[in-house]
Amino acid sequence: FPPSTYIKMWADTQRELDAMLQREREEFLQPEEDREKVLRLLATAYVRYVEMLRRLEEAHDHLVHRQKRAAVRQALDGVTGRLLEIKREMVALEKSECHAMDGVLMELKRVPEDIEIPIPKYFIKENLRILQEREEYLQEVLLNAGLLEQEPVRAMTLEEGIRVIQVAERARQGRARAGFMKRIYLEEKRQSRKEETGMGKNPDAAATCIQKVWRGYSQRKKTEKLREEEMIFLGMNSTGMINGTGSLPSDLEAMSCLQKANVLRGEVQKREELSFRQELRSTEGSHIKETLQDQITQCFLECRHVTGRFPDYPPEKTGGSKAIFIEKHPEQVAEELAARKEAEQKEKEKDRKYQEKAKEKKPEKAGKQVVDLGWKMGPSNFLSMLEEGSAQYRVFWENRDNRADFLQDHDPELIKGGEREEVEEEIRVQVDEVMQEKLLNIKKALDGETGPQGKAKKGEKVRAARNTDRSKATEEEKLATSLACRSIDSLYQELAEEGLIIQVRSVNLSDYIGYHDCVRSSILREAGAQPVPSIPEVRQLVALYGILPLGSQTVHENAPLVKSLLLAGPAGVGKKMLVHAICTETGANLFHLSPSNLAGKYPGREGLMMMLHMILKVGKGWQPSVVWIQDTEKMYSKGAAKGEEEMNFKRLAKLLPQFLKALKPKDRVLLVGTSRRPFDANLGPFCKAYQKIILIPKPDYLTRFGKYLTLWKHYILQSGGALGRQVNLNCLAQVSDGFTQGHLVDVVHTVLTELRLLQMDRKPLRTAEFVTPLARHDPVYREEEETFQ
């Protein structure tokens, strides 16, 4: 589509966003006692924000104008963060990660697929070069360490080369002779048929036969063309166009054209933005310098007029001359600070007295009603960002004429506006040096002072003495000090050689196939039961808590912070795949911790602390990062440890709280645990270590056999198989009830061997071939499902 399409999409979304912000100001900031109404308001806002997120992501991905993409990016991050805030409120109200959205979707005339969380493509595209270099570096380290198998390259001897040529030549001669014999056979068969029918002697019969064949072929082509034109007219043709030959373009040609367009768009988006800093310095630098000097001089004179002496020049660490430009005198500032401290002390004293009175207060009588002021939306870190973006959009982009901007080039005035502040800051540093020396000369001439006045405060002396006198550091500080001298590259290499950093398997979140079963969920909720999360809901939760915060620094710093995530479910439901999907969608490093992987590495408490500090330094230095603890329930098992391997893994549980405490909002590091038997763990500390717990179910009937691409069909086609009439997918979906995705993959790989794929043309697949290998696996029984719930 042309750029105008995405500019219009952006404009429409921005208008809808303004309306949504106005609605939030009117409805969300008022206390509301009706819980059902609150849930409906939050669900409606959630659906609308997901739609806006999808459109903003598409516009941001396809626009080429750098400054427009920056404006869309601000709105995109704001909508993402607001979506996470609304999700937090919904979870707090319903005490559940899954919500009944059917009524709201019907009211808004939407389908369940409309609330799928889109993954912004800029997570990978903007860091593609860095990610590729990091992947090549990891592969090189693993190869040198012998942890990555590489096919040996062996030179072929002369005898082996001659033998290969001989085999190829004999095969060519055999194919040529077979083709020659086939032509002889067909010619003899044609001659015998002519003699039987007498067509060779009757030209009229031959002409009639040719006419029949041609008329049939011509009519079939006309009918096919009329059918295609009718489908295009009805709007039921996905391609919607016919090429010059009268036939539709192939899917391969369309995909090739699309890939070329995406590559070209990516190259244009990487255009270097011009810099006008030198031009601004030459044209406006002298004026900025004179203005700053005049302002500083005027402030010094006013301060001397009030206090009777020139002030000390503010040091560089406090901002230099920036600290001078306030519209208040030094005495007024000091008075305000003293008054503020006194007010804070009074407030603390008042709170302390109030708490003491509350403790002494008698308990209320039973039956006395407590006044509930109702629900009210909590404070937001993203509403101000969205309102600021809307204001900038109205000023710069809403009424802009884009017809003449064919190249989608930069706007020089906007670039100058952004760089003017940087030029002022550079000139301010130079002005500070000049004015500081000038102030010292004036103070020396008029007041007889030779340097800055004043002494260090008593508190600062005490603090300095405490820092110098501290002789014994803690164990964590010693480890941090020992690692401070090591580079991130060396730590990364050591962790990779130990097998703690592994390669990420390229798999997207959309590859985790599953569909909404609205009827089953509605029946369970009407019966008062909490339905098991469906696979689409699992995808949404993984995207909300794992992918979106890790991909964007702005979102991670301001959104509700989720440091740890637990994926629990039977073996084979796709927990490992989801971990790799998080890393693939965000470009994250993957640290793999499991009992078998930690065996013999970093033994003892000190070794584990050293390992965690190394992971923290590498994870924070090369963000984003995912720390994956496989079979995490073994760290919290109830019995005594069996062997040194399990004991070392159990020690890790005591160090995890310190690890999570060290993660700040600016650190895009996520702890992900996977568990096949979470009920074997000591649930108190186990559930305390993970902020979010996602139960992953086995696939339902709609996922195994649905209207679109289902599990059986997807796995068979992915392995190179061909589906014919003898494969009954409905039957396979029925008999595979209770089995997981891992069971189905194993069955397909067992059936579709290399030899079976070669026999596919003359021996089509049958349903019975998959039933026997499936029967060798144990399904997930009802008792295990109930234990998980």
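**A look at helix H6, and how H1 meets H3**

Let's start with helix H6, which covers residues 128-145. At 1.5 Å a residue, its 18 residues should span 26 Å, and the end C-alpha atoms are indeed 26 Å apart, so the expected span and the model agree. Keep in mind that this is a predicted model.

**The two sides of H6**

- Leu131, Arg134, Leu138, Val141 and Leu142 are the buried residues of H6.
- Look down the axis of H6 and these buried residues fall within an arc of 95°, so they line one face of the helix.
- Flip to the other side of H6 and you'll find Arg129, Glu136 and Asn144, which are exposed.

**What surrounds H6**

- What do the buried residues of H6 pack against? Their partners are helix H5 (122-125), helix H16 (488-497) and strand E2 (589-593).
- Just after H6 comes glycine 146, which takes a positive phi of about 80°.

**Where H1 meets H3**

- To describe two packed helices, you give the angle between their axes and the distance between the axes.
- For helix H1 (residues 3-27) and helix H3 (residues 66-94), the axes come within 12 Å and cross at roughly 40°.
- That crossing angle makes H1 oblique to H3.
- The crossing of H1 past H3 is left-handed.
- On the H1 side, the contact is made by Ile7, Trp10, Gln14, Leu17 and Glu24.
- H3 brings Lys68, Ala71, Val72, Ala75, Val79, Arg82 and Ile86 to that contact.

Conventions: Residues numbered from 1 in each chain as written. Predicted model: local features only at pLDDT ≥ 70, side-chain atom pairs only at ≥ 80, totals over all residues. Heavy atoms only, no water. Helix = DSSP H or I, 4+ residues; strand = E, 2+ residues; numbered from the N terminus. Expected span 1.5 Å × (residues − 1). Buried < 20%, exposed > 50% of the residue type's maximum accessible area, 1.4 Å probe, protein only. Arc of directions from axis to C-beta. Contact = heavy atoms within 4.5 Å. Axes fitted to C-alpha atoms, helices over the stretch in contact; angles between N-to-C directions. Parallel < 35°, antiparallel > 145°, perpendicular 65-115°, else oblique. Left-handed = near helix turned anticlockwise from the far one by under 90°.
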